[in-house]
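Work through the following exercises with the sequence and the model side by side, and try each task before reading its solution.

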Amino acid sequence: MIKRSRRTTVRAFAVAGVLAVAATATACSSGSDKPVAAATTPSVSPTPVATASATPSPTADPTAKATTDVLAAYKAYTDYRTVAFTSGHGDVNKLSAVASGAAYQKLAADLFKAQQAGLIFKGAPVTNPHVAAVDLASSPAKATMTDCLDTSNWIPVLASTGKSVVESGSPTHVFVNLVAEQVPDGTWRISQYAPEQGRTC
């Protein structure tokens, strides 16, 4: 179920001033007709400036980056799911941007069932995802993860009356198994979303 900014560019202009100093040498005679040689200023070779070698920045850990991207993809999936069930309406384009495969089919089917039953949801679920493993060598790259989904404030109600249809004794924390896959453009989609029936967390 998606969230990313304003950039402020500050341009500073530095003005360098150049000061030219002219020195003149004056030849003086003390009653002598011999010309006085003009003083010469010895030339000074510029001191070479040592150039600091650039230190290459460390390469980012691809697994750590993938983990961050997978968690962001799951948040986008959760955000879409919450909006769709709250409003009772889905968006195929938005769904395809956050889910694929079995997860896409399940979410679309669950939303259709809710619509047929006249149900919408109020509130929002609270997620607690954990990325268990990332396999960047597989094709496509995959990540397995789990979530302890808190649904205590995620209430199904009748769209016509707003009456809650939560059954007494229903679990408020659900254990979910998930798989995310990387698509050709480098982004990730949730490809499997499987709550474990009877398992709480």
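The exercises below concern a predicted model, and they go from the whole chain to single residues and pairs.

**Exercise 1. The chain as a whole**

Task: Describe which elements the chain contains, in what order they run, and what share of its residues counts as buried.

Solution: Begin with the secondary structure, which comes to three helices and six strands. Next, follow the elements from the N terminus, where the order is α-α-α-β-β-β-β-β-β. Then turn to burial: of the 201 residues of the chain, 23% count as buried. Finally, consider the accessible surface, which comes to about 14600 Å², with 57% of it belonging to carbon and sulfur atoms.

**Exercise 2. Two strands that pair**

Task: Determine in which sense β2 and β3 pair, and over how many bridges.

Solution: First locate the two strands, β2 at 129–135 and β3 at residues 142–150. Their pairing is antiparallel and extends over six bridges. As one example of a bridge, V134 has A143 in β3 as its partner. The two strands form a hairpin, with six residues between them.

**Exercise 3. The disulfide**

Task: Find which residues the disulfide joins, and explain which parts of the chain it ties together.

Solution: The structure holds one disulfide, and it joins C148 to C201 with an S to S distance of 2.1 Å. The angle about the S-S bond is 100°, and the link of C148 and C201 is right-handed. C148 lies in strand β3 while C201 lies in the segment after β6 (188–195), so the pair ties together parts that are 53 residues apart in sequence. To compare the surroundings of the two ends, take their relative accessible areas: C148 has 18% and is buried, whereas C201 has 41% and counts as partly exposed.

**Exercise 4. Salt bridges within helices and between strands**

Task: Decide for each of the pairs K75 and D79, K106 and D110, and E181 and K142 where its two residues lie and how exposed they are.

Solution: As a general starting point, side chains of opposite charge can pair when their charged atoms come close. The structure holds five salt bridges, and three of them are taken up here, including the one between K75 and D79, with 2.9 Å from N to O. K75 and D79 are four residues apart in helix α1 (residues 62–87), and are therefore separated by about one helical turn. K75 counts as partly exposed at 35% relative accessibility, while D79, at 17%, counts as buried.

The second pair is K106 and D110, whose closest N and O atoms are 3.1 Å apart. Both residues lie in helix α3 (residues 101–117), again four residues apart, which is about one turn of the helix. K106 is partly exposed at 31%, and D110 is partly exposed at 21%.

The third pair is E181 and K142, whose side chains meet at 3.9 Å, N to O. E181 lies in strand β5 (residues 173–182) and K142 in strand β3, so this pair ties together parts that are 39 residues apart in sequence. E181 is partly exposed, with a relative accessible area of 21%, and K142 counts as partly exposed at 36%.

**Exercise 5. A charged residue without a salt bridge**

Task: Establish whether D150 is buried or exposed, and which side chain of opposite charge is nearest to it.

Solution: D150 lies in strand β3. D150 is buried yet has no salt bridge, and the nearest side chain of opposite charge, R81, is 12 Å away. A salt bridge would need a charged nitrogen within 4 Å of a carboxyl oxygen. Leaving out residues up to four places away in sequence, D150 touches P125, V126, T172 and H173.

**Exercise 6. Contacts across the sequence**

Task: Find which residues T127 is in contact with, and which residues Y193 touches, setting aside neighbours up to four places away.

Solution: T127 is in the loop between β1 (119–123) and β2, and at 31% relative accessibility it counts as partly exposed. Its contacts are Y74, T78, D147, C148 and L149. T127 and T151 are 24 residues apart in sequence, with 8.9 Å between their C-alpha atoms.

Y193 lies in strand β6 and counts as buried at 6% relative accessibility. Y193 touches Y74, Y77, R81, A103, K106, L149, V176, N177 and L178. The C-alpha atoms of Y193 and Y104 are separated by 8.8 Å, although these residues are 89 residues apart along the chain.

Note on methods. Residues are numbered from 1 along each chain as its sequence is written. This is a predicted model: local features need pLDDT of at least 70, side-chain atom pairs count only at pLDDT 80 or more; totals for chains, interfaces and linings use all residues. Side-chain values use heavy atoms; hydrogens and water are left out. Buried means under 20% relative accessible area, exposed over 50%, partly exposed in between (1.4 Å probe, protein chains only). Lys and Arg count as positive and Asp and Glu as negative; His and the chain ends are not counted. Contact means heavy atoms within 4.5 Å. Accessible areas come from the Shrake-Rupley method with a 1.4 Å probe; for residues, only the protein chains shown count as cover. Two strands pair if DSSP finds at least two bridges between them. A disulfide is a pair of cysteine sulfur atoms within 2.5 Å.
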